[in-house]
Amino acid sequence: MIFEESDRLKSIPPYLFAEIDMIIRKKREQGFDVISLGIGDPDVKTPDLVVEELCRQAWDKENHKYPSSYGLKALKIAASDFYKKRFDIDIDPENEVLPLWGSKEGIANIAYTFVNPGDTVLIPDPSYPVYRIGTIFAGGTTHVMPLTEENNFLIDFNEIDKDVAKKSKLMHVNYPGNPTSAPCNMEFFNKLTDFASEYNILVCHDNAYGDIYSEEKYKPVSFLNAKNSKETGIEFYSLSKSFNMTGWRISFAAGNSNVLKSLGKYKSNVDSGVFNAVQYAAAAALENYEEFINENNRIYNRRRQNVWDILDKLGLKYYKSFNTVYIWVKVPEGYTSASFAKLLLDRTNVVVTPGNAYGKHGEGYFRISLTIEDDRLEEALDRMKNVF
Ligand SMILES: *Cc1c(COP(=O)(O)O)cnc(C)c1O
């Protein structure tokens, strides 16, 4: 029997990384040694202390029961303490934190929680695909805010049509950003909350790379540092990238208590909260963040510099950012994002992500990810050096 997918599911393109995975698999089956610089998935292991806490908590039979959809108290307290220490922000652990099955889940479900069919959602372009796809699933319409190099990949609020702003319900924002790697500052976040307050828009800031920075002066601020931020929105803080925990599926949202209450209400109807042992382990990660964030950043600094050196030698232009695990590179004259990514794959068996996969304003770029062992990264760079 053939069961037809829902119109909702049929209306979206295949998930970008699923497609890349397939290309890699095919090439490997043909015997090629493919190196993927395509996906942002840390190669470095989760800190020992976090794994140990998971193991310890996994033996406690109290943790074998259904977890609460509204999260474990110990994690909410740890998240609140972390925001105080790391960003100097006061967060009420009871009402202003909500643990999630990763920020991807939260971003997708925030759409179901607040977006009605026909509602407009503002999304940056290029950006993480889930902002757009989550909106489409919920029946909303996206309006694109272009991120351009001339503007340091910051959203230009003056560019947003006033009539569009008036009817917009929600806005997704992501700094330091994927795929551009661009950071923002407090001035930007203050403009954001001004804009959101004026037009009554719920801001969802995705802080997935908030603790990946080369040195102190590039340490990102939080959206919740902005004035009125708790009135206007929430921030998703993911442990995936900063703590090498992508496989664990754990993050949390912090900020506006009413928004989080509604998101929790939605979640209570579709899931039952993250395994408590994982939430305890996440709490341990946040409590000890200073210990491993520095070491993690040292690894990325070394890799980032290596890639910059080779790109300089090749005469490829890129956006010089000291944040995130990505490098956003311009394709050479005469190529599109897709044709250059394909050329690179054909000639060197190195996979990069074509920029247009993150939206039409990503055309003309490709993204290199630094989440790969040093020797493999160097091998990939050697191949690029020898071929171009
Ligand atoms: C990787 C990434 C995420 C995923 O976060 P999870 O907590 O693993 O779901 C969210 N947003 C952006 C921008 C990312 O790059």
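Is Glu-295 buried, partly exposed or exposed? Let's start there. Glu-295 is partly exposed, and its relative accessible area is 38%. Keep in mind that this is a predicted model.

Who does Glu-295 meet? Its partner is Arg-298, and the two side chains form a salt bridge of 3.0 Å, N to O. Arg-298 is exposed, at 51% relative accessibility. The cut-off for exposed is over 50%, so Arg-298 at 51% falls in that class. Glu-295, at 38%, lies between 20% and 50%, so partly exposed is the right label. Both residues sit in helix H12, which covers residues 289-314. They are 3 residues apart, about one turn of the helix.

Staying with salt bridges, there is also a network. Asp-33, Arg-376, Glu-379 and Arg-383 are joined into one network by salt bridges that share partners. The count for the model comes to 24 salt bridges.

Next, helix H7, residues 162-167. Asp-163 and Lys-166 both lie in this helix. Again the spacing is 3 residues, about one turn of the helix. Their side chains meet in a salt bridge, 4.0 Å from N to O. Are Asp-163 and Lys-166 buried or exposed? Both are exposed.

One more pair, at low residue numbers. Lys-10 forms a salt bridge with Glu-4. The closest N and O atoms are 2.4 Å apart. Lys-10 has 39% relative accessibility, so it counts as partly exposed. Glu-4 is exposed, with a relative accessible area of 65%.

Now to the strands. Look at E12, residues 365-369. How many of its residues are buried? The answer is 5 of 5. Take the faces in turn. On one side are Tyr-365, Arg-367 and Ser-369, and they are buried. On the other side are Phe-366 and Ile-368, buried too. Both faces of E12 are covered.

Which strands pair with E12? One of them is E9, residues 326-330, joined to E12 by 5 bridges. E9 and E12 run antiparallel. Find Lys-330 on your screen: it stands opposite Tyr-365 in E12. Then there is E11, residues 353-354. E11 is joined to E12 by 2 bridges, and these strands also run antiparallel. Here Thr-353 has Arg-367 of E12 as its bridge partner. Arg-367 is one of the buried residues of the strand.

To recap: Glu-295 is partly exposed and meets Arg-298 in a salt bridge. E12 is mostly covered. That's my tour. Thanks.

How values were computed:
Residues are numbered from 1 along each chain as its sequence is written. This is a predicted model: local features need pLDDT of at least 70, side-chain atom pairs count only at pLDDT 80 or more; totals for chains, interfaces and linings use all residues. Side-chain values use heavy atoms; hydrogens and water are left out. Buried means under 20% relative accessible area, exposed over 50%, partly exposed in between (1.4 Å probe, protein chains only). Helices (H or I, at least four residues) and strands (E, at least two) are DSSP runs, numbered from the N terminus. Two strands pair if DSSP finds at least two bridges between them.
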